[in-house]
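Here is a structure to read through by question and answer. Please look it over before going on.

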Amino acid sequence: MARRVAIVAAGQTDHVSRRLDVNVAELAREAVDRCLEQAGLAMAEVDAVILGNMEMFEGINMPDQWMASTLGAAGKPLFKLNTGGTVGASTAVAATQMLAAGTFRRILCVGYEKHSEGSVQSAITTVGDPLWERSVMAGAIGNFASMASVYVDESGVTEEHAAKVAVKARRNACRNPHSHLKLPDITVEDVLASDMLAYPVRKLDMCPSSDGACAVLMASEEDATGLAERPAWVHAAVTAHDQQFMGDSLKRLAEMRSLIAASRKAYAQAAIGSPRAELDVAEIYEPATYAELAMYECLGLCEKGGGGRMIDEGVTEMDGALPVNPSGGVLSANPVGATALIRVAEAALQTMGRAGERQVDGVERALATGYGGNAWSEVLILSADRP
Amino acid sequence: MTDEPLRLERQITLRYRFAAGRFATPFFRALRSEGRVLATVDADGNALLPPRPVSGLTNTPTTGWVEVGPTATLSGYTVVHVPFIDPMTGVRRPVPYGFGLVRFDGASTNIYHLIDETDRAKLRVGLPLEPVFKPVEERQGNLADIRFFRVRDGGEPAPARPIPPPDASDPLVYEQKIDLPYVYTAGAAQRAFLRGLAEGRMIASVDGDGRRYVPARGHAPDGRPLPGTEEVGPRGILEAATVAHHLPGAPAFGLIRIDGSETPMLHRLGEGAQRLGPGAAVEAVFAAGQEEPSVNAIAHFRPAP
């Protein structure tokens, strides 16, 4: 019988465009210290560390070796993962499996990125297949914009729909002390007047590049209740892949095979029949406004083609029936290796009732997702109820 | 001493030799020499391009080959306005340019490619396209042998045509270079250490019990924060040494424990220290004229008097 698993604490840095005072290891350590302080756990009491990062963004290969001491992991198991944008959530999925199996009792998940230190364009190129994709890539934004056009064509969402997502995110971010892009006065008109980066994606439709780190402490049931008053129990932690070439999934954002597969499996594990009615809050990995609308549909939060109406009706606003990204989301802070773990951390804080000014009332069940350029998706469902 | 941020700009150039393998080899040969487009099919009849050994739609091995296109259809599109320096060529692509997901007629999957249209009002999903090839003598056996796709006027799209498995002998190998620029931002202890070296001084981090760590660092090996710093050295004891005969000039390297330090540091050995063994006393020789803070402010270690 697998052990029950919970998130018991979370910490993160204040995400900004450039942290010039610390190196990568010290940046990650800040999040670790904040996380362990919340749990009241000493570094020596952590059994294992799982580290998530995209090495090419900083040009440091094997950062686990560089950072082991600073993470308090010397002499302990330290696992490095890289699953692209999903990696932070992958650390939480991996920790869930190890804790459920009884391999460890307390695992620290850490994700970080210092985008100010690398060349996003060059690093993204190394993600492409060497023969098939690198010679014709157009960077992350060009690739993403092509996918978004398919979704616009399929769903009929408008640039106003997308702009409303941009406004929601940056206003929510004002309640989150850790967020990078806080724009209290942003309007739909501002978004529509911002520069066109690549049709249909405008500057304010897109996430920023951030320096930041996040740490999440997870424990198996023997320790969870001692480390948190109200642990966020893991009811599902699922990962799914798509095919290997970027052009393989035909509808791209409009029908994200990996997100559809992972979410349906997660709903089944958590016995959720109607996600829109049964979830209280969601923290999703939306790299751009159009992605959030498409993800409403792929996650089954609305019917196919209903993404635009969902934002029009205010369902996902802070005071709506299902707030999405009270933290401000990826649109308001994106240190890639940490980003998906921040989703997990925020969903956990909501479940634990520790989300401060961005707390949604009465959260019993929360969803978190990770997105890895359509290649991967991760879905976690957390609940205040012990499974 | 100043404690301004310290950013060290560097670049890694990555060089690879990729074996194209059994599927890309015949594809790129046919594209380059004949302008033909080949794909593999799976048990359900999906024509998969790029050709591949296993279908991701059925998770079973592919069963044969077809020829598709060269006419194509636009599946998704954008007009890119963001400046983009292609790290493969180092050349900035002129903006705006059209870009999109393209499906060769008869294929079940898309590829990304350039579109010869920057007016997005003229682009739509389902638009008929055709490839514009480079002259045969300029083709290199990659997707850039197609310069771009342009809008096609009329003509029926061709279905997939079954072909016998193409010859995959004499497999292709592709050499590739990627420039990866990056910046390393030093932490507070590293800044103190590197700026100290530039002044000919060696700085250790110190813990609450007076233990010293060289090079200076933010945390001890067991994870404890190291709040203070202290000047040490430049003498130390060689803990391990090697001569790198496989490198030009056969340089010698050693792990040197600076007097009073808990941890050794790696550096070069010179001026007769190349033949020293563990336990020998050495001292740092500082180099003049370093342009930016670096461990190269120490030229090497030599035998200590």
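The turns below cover the domains, the sheet and two helices of this predicted model.

Student: Which residues make up domain 2 of chain A?

Tutor: The domain assignment of chain A splits into two entries, each written as two stretches of sequence. Domain 1 takes 5-120 + 210-227. Domain 2 takes 128-206 + 232-383.

Student: Which element gives the largest share of the side of domain 1 of chain A that touches domain 2 of chain A?

Tutor: The domain centres, taken over C-alpha atoms, are 22 Å apart, and the contact takes 38 residues from domain 1 and 37 residues from domain 2 of chain A. On the side of domain 1, the elements that give two or more residues are β1, α3, β4 and β7 of chain A. The largest share there is eight residues, and it comes from α3(A).

Student: How many residues on that side of domain 1 of chain A are charged?

Tutor: The residues on the side of domain 1 that touches domain 2 of chain A divide into three classes. There are 17 nonpolar and 18 polar residues, and the charged ones number three.

Student: Which are the edge strands of the open sheet in chain A?

Tutor: The order of the nine strands is β3-β2-β4-β7-β1-β8-β11-β10-β9 in chain A, with mixed pairing. From one strand to the next the twist averages 25°. An edge strand pairs on one side only, and this holds for β3 and β9 of chain A.

Student: What is the bridge partner of I7(A) in β7(A)?

Tutor: β1(A) and β7(A) run antiparallel and are joined by seven bridges. The residue of β7(A) that bridges to I7(A) is M218(A).

Student: What angle does helix α1 of chain A make with β1(A)?

Tutor: Helix α1, residues 24-39 of chain A, packs on the sheet and touches β1, β4 and β7. Its direction, compared with that of β1(A), makes about 125°.

Student: Why does the distance between the end C-alpha atoms of α9 of chain A agree with its number of residues?

Tutor: Helix α9 of chain A has 13 residues, 257-269. At 1.5 Å a residue, these should span 18 Å. The two figures agree because the end C-alpha atoms are also apart by 18 Å.

Student: Which elements do the buried residues of α9(A) pack against?

Tutor: α9(A) lies across β8, β10 and β11 of chain A, at about 150° to β8(A). Its buried residues include L259(A), A262(A) and A266(A). The buried residues of α9(A) pack against β8, α10, α11, β10 and β11 of chain A.

Definitions and conventions: Residues numbered from 1 in each chain as written. Chains lettered and ligands numbered in written order. Predicted model: local features only at pLDDT ≥ 70, side-chain atom pairs only at ≥ 80, totals over all residues. Domains from an automatic or database assignment. Contact = placed C-beta atoms within 7 Å. Helix = DSSP H or I, 4+ residues; strand = E, 2+ residues; numbered from the N terminus. Nonpolar A, V, L, I, M, F, W, Y, C, P; charged D, E, K, R; others polar. Expected span 1.5 Å × (residues − 1). Buried ≥ 20, exposed ≤ 12 C-beta atoms within 10 Å, placed from the backbone. Pairing = 2+ DSSP bridges. Axes fitted to C-alpha atoms, helices over the stretch in contact; angles between N-to-C directions.
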